[in-house]
Amino acid sequence: MKKSISFCILIFSFVFASAQVVPTLTADVAEKLAKMPLGCIIQEFPNKTSHVANTAVDGRLLPSELHPAFFGCLDWHSSVHGHWMLLRLLKTVPDLKSKTEIIAVLDKTFSPDKMKAEAEYFTKYQVASTYERTYGWAWLLKLDQELYTWDNPDAKKWHAALQPLTQQILKLWKAYLPKQTYPNRTGVHPNTAFGLVFALDWARTFKDVAFEKQIEEKAKAFYLDNKATPAYLEPDGSDFFSPSLEIADLIRRVLPKKDFVNWLNKFYEKRSLDRISDLPIISDINDYQGVHLVGLSFTRAWCMKGIAKELAENHKWKKHFESTADKFLANALPLVFAGNYGGDHWLASFAVYALEKQ
């Protein structure tokens, strides 16, 4: 039965994408997406803690004992961006039916004591300073930014509660970035360009000029001389990022528009552009790694939309990026509702972020 349902969803997705009906973040879609993190934020198991134990004692701690705020949604980072998603919908969709439930969940998470314990985790254990570097760090800063930019009494209270953790993450990132000699060009969590995009957005929002400069300098050192990127080799089998598009999405933020366009023209060859424009093939949506490829459609879409905005109307790739992004969104959104925890615990956040880039 499960295979039959998944097959039907895949067929529906193909038809949806072929018809090029571009989905939008309507109140109804927002409500359906909100149910996913609402369901998993308080679900402790299954759980992938990634905790490196110092002793037999902390090796036996429950996820909720290690992470009293962000223990659900399979892993720490998915819980963090699940909270970001609920906050974002609460902030932008005024008629959300689940508003009261979302506020109750967020109010329970953003307690000063819980956030203090979350911050202490990063110094309490021997190798915890590298925990969630830099993917989880990036989403934590995105959550902090979302709270800070909302003039709402609850948001102000939650933002104040979050500060011990935010400041700890900032301290770690600012210490790490000067020592990072090489970027991670992977299509999964450690991708350096993705992390720097969110960090740069945060730094500019908070006017942290020193951090902003540090990020810009690293971005240029890592990627400015990149040409003819081998994106024709993308994707790997469990990618939810396009390594090349994440780089382009970062570089468009650190270069003047004219310089970025000149850089982009040398960055992609036709065979690479063709390859990253193909819909990902998902042979088993119930596989926890294979389902990453659904997320790949969302991240490609939001990168392509952002890149297209920097291009002149007559640029040879502008309309291609726009239409391809729409194709990815139309393909991926139905797959979010496939009904397996491998996707349920994280995909809704990616869908919301991508749909808002419309």
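A residue counts as buried when its relative accessible area is under 20%. Keep that cut-off handy for the first stop, and bear in mind that you are looking at a predicted model.

**Stop 1: the disulfide**

Select Cys 73. Its relative accessible area is 0%, so Cys 73 is buried. Now add Cys 40, which comes in at 2% relative accessibility and therefore counts as buried too. Show the side chains and you'll see a disulfide between Cys 40 and Cys 73, with 2.1 Å from S to S. The link is right-handed, with 80° about the S-S bond. It ties together distant parts of the chain: Cys 40 sits in helix H2 (residues 27-40), Cys 73 belongs to the loop between helix H3 (63-66) and H4, and 33 residues separate the two. Don't go hunting for another, as a search of the whole structure turns up one disulfide. While you're on cysteines, click on Cys 303: with a relative accessible area of 0%, this one is buried as well.

**Stop 2: backbone oddities**

Stay on Cys 73 for a moment and check its backbone. Cys 73 has a positive phi of about 55°, although it is not a glycine. Most residues other than glycine have a negative phi, and most peptide bonds are trans. Where else does a residue other than glycine have phi near 55°? Jump to Lys 207, in the loop between helix H9 (192-205) and H10. Lys 207 has 66% relative accessibility, so it counts as exposed.

Next, the cis peptides. Pick Phe 45 and Pro 46: the bond between them is cis, with omega near 0°. Pro 46 is in the loop between H2 and H3. Then go to Glu 234 and Pro 235, where the peptide bond is also cis, with omega near -10°. Look for Pro 235 in the loop between helix H10 (209-223) and H11.

**Stop 3: the largest cavity**

Head back to Cys 73 and move along to Asp 75 and Trp 76. Both are among the residues lining the largest cavity, together with Asn 47, Lys 48, Thr 49, Pro 63, His 67, Phe 70, Phe 71 and Tyr 131. About 40 Å³ of space lies inside. By class, the lining has five nonpolar, three polar and two charged residues. Across the whole structure, a search finds one cavity of 30 Å³ or more.

**Stop 4: the largest pocket**

Keep Lys 48 and Asp 75 selected and add Ser 50, His 77 and His 189. Of the 29 residues that line the largest pocket, these five lie nearest its centre. Its volume is about 500 Å³. Which helix gives the largest share of the lining? Colour helix H4 (residues 76-92), which supplies three residues. The lining as a whole divides into 13 nonpolar, 12 polar and four charged residues.

**Stop 5: the second largest pocket**

Return to Glu 234, which you met at the second cis bond. Together with Arg 185, Pro 230, Pro 243 and Ser 244, Glu 234 lies nearest the centre of the second largest pocket, which has 16 lining residues. The space here is about 230 Å³. Helix H11 (residues 243-254) gives the most to the lining, with three residues. By class, the lining splits into seven nonpolar, five polar and four charged residues.

**Stop 6: the nonpolar core**

Nonpolar side chains tend to be buried together in soluble globular proteins. For the example here, select Leu 33, Leu 165, Trp 173, Phe 211, Leu 264, Phe 298 and Phe 321. Those are the residues with the most contacts inside the largest nonpolar core, a set of 121 residues.

Zoom in on Phe 211. Setting aside neighbours within four places in sequence, Phe 211 is in contact with Leu 141, Leu 170, Trp 173, Lys 174, Leu 177, Ala 199, Trp 202 and Ala 203. Trp 173 is thus a contact of Phe 211 and also one of the core residues you just selected.

**Last stop: Pro 178**

Finish at Pro 178, in the loop between helix H8 (153-176) and H9. Leaving out neighbours within four places in sequence, Pro 178 is in contact with Gln 214 and Lys 218. To close, put a distance label between the C-alpha atoms of Pro 178 and Ile 215: they are 37 residues apart along the chain and separated by 9.3 Å.

Definitions and conventions. Residues are numbered from 1 along each chain as its sequence is written. This is a predicted model: local features need pLDDT of at least 70, side-chain atom pairs count only at pLDDT 80 or more; totals for chains, interfaces and linings use all residues. Side-chain values use heavy atoms; hydrogens and water are left out. A nonpolar core is a set of buried Ala, Val, Leu, Ile, Met, Phe, Trp, Tyr and Cys residues joined through side-chain atoms within 4.5 Å. Buried means under 20% relative accessible area, exposed over 50%, partly exposed in between (1.4 Å probe, protein chains only). Contact means heavy atoms within 4.5 Å. On a 1 Å grid over the protein atoms alone, a cavity is a set of points where a 1.4 Å probe fits but cannot get out, and a pocket is an open set with protein on both sides within 12 Å along at least five of seven lines; lining residues have an atom within 4 Å of a point. Grid points are joined across faces, edges and corners, and a volume is the space filled by probe spheres set on the points. Helices (H or I, at least four residues) and strands (E, at least two) are DSSP runs, numbered from the N terminus. Ala, Val, Leu, Ile, Met, Phe, Trp, Tyr, Cys and Pro count as nonpolar, Asp, Glu, Lys and Arg as charged, and the others, Gly among them, as polar. A disulfide is a pair of cysteine sulfur atoms within 2.5 Å.
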